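Q: I am new to this structure. Please take a close look at one part, the sheet that crosses between chains, and then set it in its surroundings.

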Amino acid sequence: MSERVAVRKTYKLFIGGKFPRSESGRSYLVQDSNVSLASRKDARDAVVAARAAAKGWAGATAYNRGQILYRVAEMLEGRREQFVALGVPADEVDAAVDRWVWYAGWSDKLPQVYGGANPVAGPYFNLSAPEPTGVVAAVAPETPALLGLVSVIAPAIVTGNTVVVAASPAAPLAAVTLAEVLATSDLPGGVVNILTGRLSETVPTLAAHMDVNAIDLTGVADAELAAELEVRAAENLKRVLRPAPADHDWHTDPGLTRMTTLLETKTVWHPKGT
Amino acid sequence: MFEYAPAPESRAIVDLRPSYGLFIDGEFVDGEDLHKTINPATEEVLAEVTWAGEADVDRAVRAARTAYEQVWGPMPGRDRAKYLFRIARLVQERSRELAVLESLDNGKPIRESRDVDLPLVAAHFFYYAGWADKLPYAGFGPDPKPLGVAAQVIPWNFPLLMLAWKIAPALAAGNTVVLKPAETTPLTALLFAEICQQADLPAGVVNIVTGAGDTGRALVEHPGVDKVAFTGSTEVGKAIARAVAGTRKKLTLELGGKAANIVYDDAPIDQAVEGIVNGIFFNQGHVCCAGSRLLVQESVAGEVLESLKRRMARLRVGDPLDKNTDVGAINSADQLARIRELSDAGSAEGAQRWSPPCELPERGFWFAPTIFTGVTQAHRVAREEIFGPVLSVLTFRTPAEAVEKANNTPYGLSAGIWTDKGSRILWTADRLRAGVVWANTFNKFDPTSPFGGYKESGYGREGGRHGLEGYLNV
Amino acid sequence: MTATATSARSDLSELGRSETALRTFLHGLPGVDQVGAEQRAAQLGTRSIKTTAKAQAIDLAIRMVDLTTLEGADTPGKVRALAAKALRPDPADPSCPHVGAVCVYPAMVPYVAEVLAGSGVHLASVATAFPSGQAPLEVKLADVRAAVAAGADEIDMVINRGAFLAGRYGEVYDEIVATKQACGDAHLKVILETGELATYDNVRRASWLGMLAGGDFIKTSTGKVPVAATLPVTLVMLEAVRDFRAATGRQVGVKPAGGIKTTKDAIKYLVMVNETVGADWLDPDWFRFGASSLLNDLLMQRTKLTTGVYAGPDYFTLD
């Protein structure tokens, strides 16, 4: 009896809720698989998809976004073994699930913690509330491939941003598999877009893109590249999260900064009178 | 006709020295590169100030570093608070003097420097003084730390108020500062330095380096600073963002704007007209959050414009020190040239220009309150920040169109909404991409209320609890 | 504007025929934002009026005073003395102008009329069961006719606030129309009693109602309720007369009354008139102060301006 021939997976990009190949038709061999090598044009398409999804996602209720993020955690939990098979340590998968759960809960709490009424010296109602900045470009850390990726995606989207994320070039399989999780979690297409391939191809395009509102350089280990990207980002004054230190422990409490850097505070005044 | 006789505020209260040095490490230090600062209303020379060079900036940053490490950083918050309270009190006590000097150096009407700028300056110091010993409760973790030395560069439109917005939160959070006022309005910052001396603020906690762009660049690029805070043009803001790229310096930027002031057909028209006037003619329109684009619903456009013109004809343009002046002098010849250039472009592009009859003084820099009607989104006057008393009027038909036009700009600092319908206010406010939304009011400021922009209007917030974040290591 | 004004004119004349039409019109007026209106009034109050402008303002204010006494204790002797003061407010200075009018109860009109005859000082009387207005319409109209017959050439009536607040605008309108008819040639000032109207929206609506019904003046207050004239209320009324003239072509006067006691107060009102409706209203025919103690303060300030020395109350008549 002959051994069953396995059906192998083609690892593709995740743009606008779909799994296209790179428009360039290129792929690269990594982790024993062929993975799409995203081009500048793929990056641009991803921004278009993220922008198209931005209005609806920002306009969804916080409760709804929280439920969807929690659904992501559920789906990820169910695929635990699949990630372990890809070489992700089990405790990292657990931490990634827990991180989705942690961020899911912030959706309807951060506006209360980070906004509020201001007691101005006059007959005015005055309220500050955070809003998503818009489209975020992010660079996931090289390692840990799954927890690091989740740790840049979740804080960006929980508040209503959409994101284009460049996955770890050396370990992209977890990213593409996470995309499959996202695609089955009721997350609207385009809220998260994942590019695989070389950072030097996609990230400078994202950093310079005038329709991107913020850039998260967390995974840019090369200080010179990070500085160059920050210079590009200045052209439309993108909000910038600078690279994480190489020794950053991704299992610690992430704090609020990853979320708040990607938020705008809007303050509304109105007179009080009869 | 009821003609108001001249009612000049006395300038005798201001005792200017012929020349000023830099305020470094608690002392005024004489410099060599002296430049005149003038009264823009008369072009009279007020005093000479020193333009700091790289070596001066370096000394100031070192003084700030030493003060940070040895005095201000280790000092308990409750004691930092007391110094800030002292400063707030001294500002109140010397507010008449500061207001007159502000009007002299800036050209803004004394009514505004007296009734708006100075009360807000004192209030800002009072507000942040109270935070100095309560930082663990500010929501940035149990033990938030200051950043170190803050480099602060401020503009000429609200010289002392912008100083307060920068220095008060920085000091409350435990940082020391080197502040560069604008080259055309250095004098109140130097008087503030005297107030720091009077308050016995430890040497080096506040350093004031006067100068122009080169001084600012040297300060921002100095490797010894941990934080850069800038208020000014978007163009310079971008240059600063590039300059700090790849460094540890934390950056907050408060930049330009092109605010839409949306008037719906059910607006309280008389108050809306006041709001439009206040929105664009307050401080000669030298306001980053000025309501420089009036978006008026077509069904009431005629009525609103007629009221607006009638109201504009009542604006009293002239001597900034006259207590009845509503619109003062343009701050500098350069700024006047820019306003003229953009206004001429408005005419050339086919918009209709209107100003009330108004006699402008012969000397000094003046520009009559001006509106452009028949403006579309394509006109330069509707897209570029003029930073002067020039209003562009556009119309819209539906709320969705109003929001779309309001957001159709790279800026996002402020916006206005006028309607008597509450749900429409909230609907509109939700959709406007702007950091401050004034509904049925305009150009209101308060130390408790965060201020700052979306998009190319900058990032970070000044004022309120949010204003501490830019000065803490969080 | 001419075209709209003409059509508006014909439209407005029809409004009084139907309660619904009046309501629709009054509730369609632009709202007033309280905070904004009060801030505008306060801002105008910061104007600094000095030297020549102050002298001009004081004389104008004197000419605008409706010198008033409305006490149960008023007697012929008291009102004669007041009328004499109205004619020559400062006996020591013949250049001092006379006041705009003397304002008394109907029963006192004949005594005042004797003194004022031919002087150019108007004689106003508060008729219509002042200050409450709580009398049958016929009684109120008789009150008006009696005052006019006795020599009053201005009648200050009170509107029916109860009917107004209950939304019975037609009733208020009809009463004003009837009172205006009873006035004959006398000018009608319609007292809104703004202190009881509670909101600026109501002040604006009542102002329009008073003008639509034919009032020659709209007046803030009786002076008999705790809240009398204020700057923001007067601002809203000035805006109303301005807009009414733009819509109909007819100019209506404004009279703040009650609580205006000092020269400083009076000058704030004049500044407000100047910057809200302009020179057309800066005349005793179109703006009046309902006041009593104000006159002496104006006279003291006037003396200070001419002599350079601060005056004292002993040097001015108490009438």
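A: Here is the sheet, followed by the chains around it.

This is a predicted model. The predictor gives the complex an ipTM of 0.97 and a pTM of 0.96.

Start with the strand order. The sheet is open and has 10 strands. They run E3(A)-E4(A)-E10(A)-E17(B)-E16(B)-E11(B)-E12(B)-E15(B)-E14(B)-E13(B). The pairing is mixed. Strand E3 of chain A, residues 116-117, stands at one edge, and strand E13 of chain B, residues 352-354, at another. Each has a single partner strand, so one side of each is left without a neighbour in the sheet.

Now the step from chain to chain. Strand E10 of chain A covers residues 263-271. Three bridges join E10(A) to E17(B), and the two strands run parallel. One residue pair can be picked out here: Thr267(A) has Val436(B) of E17(B) as its bridge partner.

E10(A) also pairs within its own chain. Its partner there is strand E4 of chain A, residues 124-132. This pairing is antiparallel and has nine bridges. In it, Tyr124(A) is matched with Pro271(A) of E10(A).

The sheet is part of a wider meeting of chains A and B. In total, 31 residues of chain B are in contact with 27 residues of chain A. Four elements of chain B each supply at least two residues to the side that touches chain A. Two are helices: H8 (234-244) and H14 (422-431). Two are strands: E17 (436-439) and E18 (458-459). By type, the residues on this side of chain B divide into 14 nonpolar, 11 polar and six charged.

What of chain A itself? Its secondary structure comes to 10 helices and 10 strands. It has 274 residues, and 54% of them are buried. Its C-alpha trace spans about 85 × 40 × 35 Å along the principal axes. A compact globule with 274 residues would have a radius of gyration near 19 Å; chain A has 19 Å, which agrees. Among the contacts in chain A with a separation of 6 or more, 77% are between residues 24 or more positions apart.

Chain B also meets chain C. There, 21 residues of chain B are in contact with 24 residues of chain C. Helices H4 (110-131) and H9 (269-281) of chain B each supply at least two residues of the side that touches chain C. H9(B) gives the largest share, five residues. This side of chain B divides into eight nonpolar, five polar and eight charged residues.

Last, a look inside chain C. Helix H2 of chain C covers residues 19-27, and its buried residues are Leu22(C), Phe25(C) and Leu26(C). Seen down the axis of H2(C), they fall within an arc of 95°, so they line one face of the helix. An α-helix has 3.6 residues a turn, so residues three or four places apart point the same way. The face of H2(C) turned away from the buried side carries the exposed residues Thr20(C), Thr24(C) and His27(C). The cover over the buried residues of H2(C) includes helices H9 (169-183) and H11 (200-212) of chain C.

A word on confidence. Chain C averages a pLDDT of 94, and 97% of its residues score at least 70. Residues 1-7 of chain C have a pLDDT below 50. Beyond near neighbours in sequence, that stretch has three contacts in the model. Where pLDDT is low, the predicted coordinates should not be read in detail.

Definitions and conventions. Residues numbered from 1 in each chain as written. Chains lettered and ligands numbered in written order. Predicted model: local features only at pLDDT ≥ 70, side-chain atom pairs only at ≥ 80, totals over all residues. Buried ≥ 20, exposed ≤ 12 C-beta atoms within 10 Å, placed from the backbone. Arc of directions from axis to C-beta. Contact = placed C-beta atoms within 7 Å. pLDDT = per-residue confidence, 0-100. Nonpolar A, V, L, I, M, F, W, Y, C, P; charged D, E, K, R; others polar. Pairing = 2+ DSSP bridges. Rg over C-alpha atoms; globule rule 2.2 N^0.38 Å.
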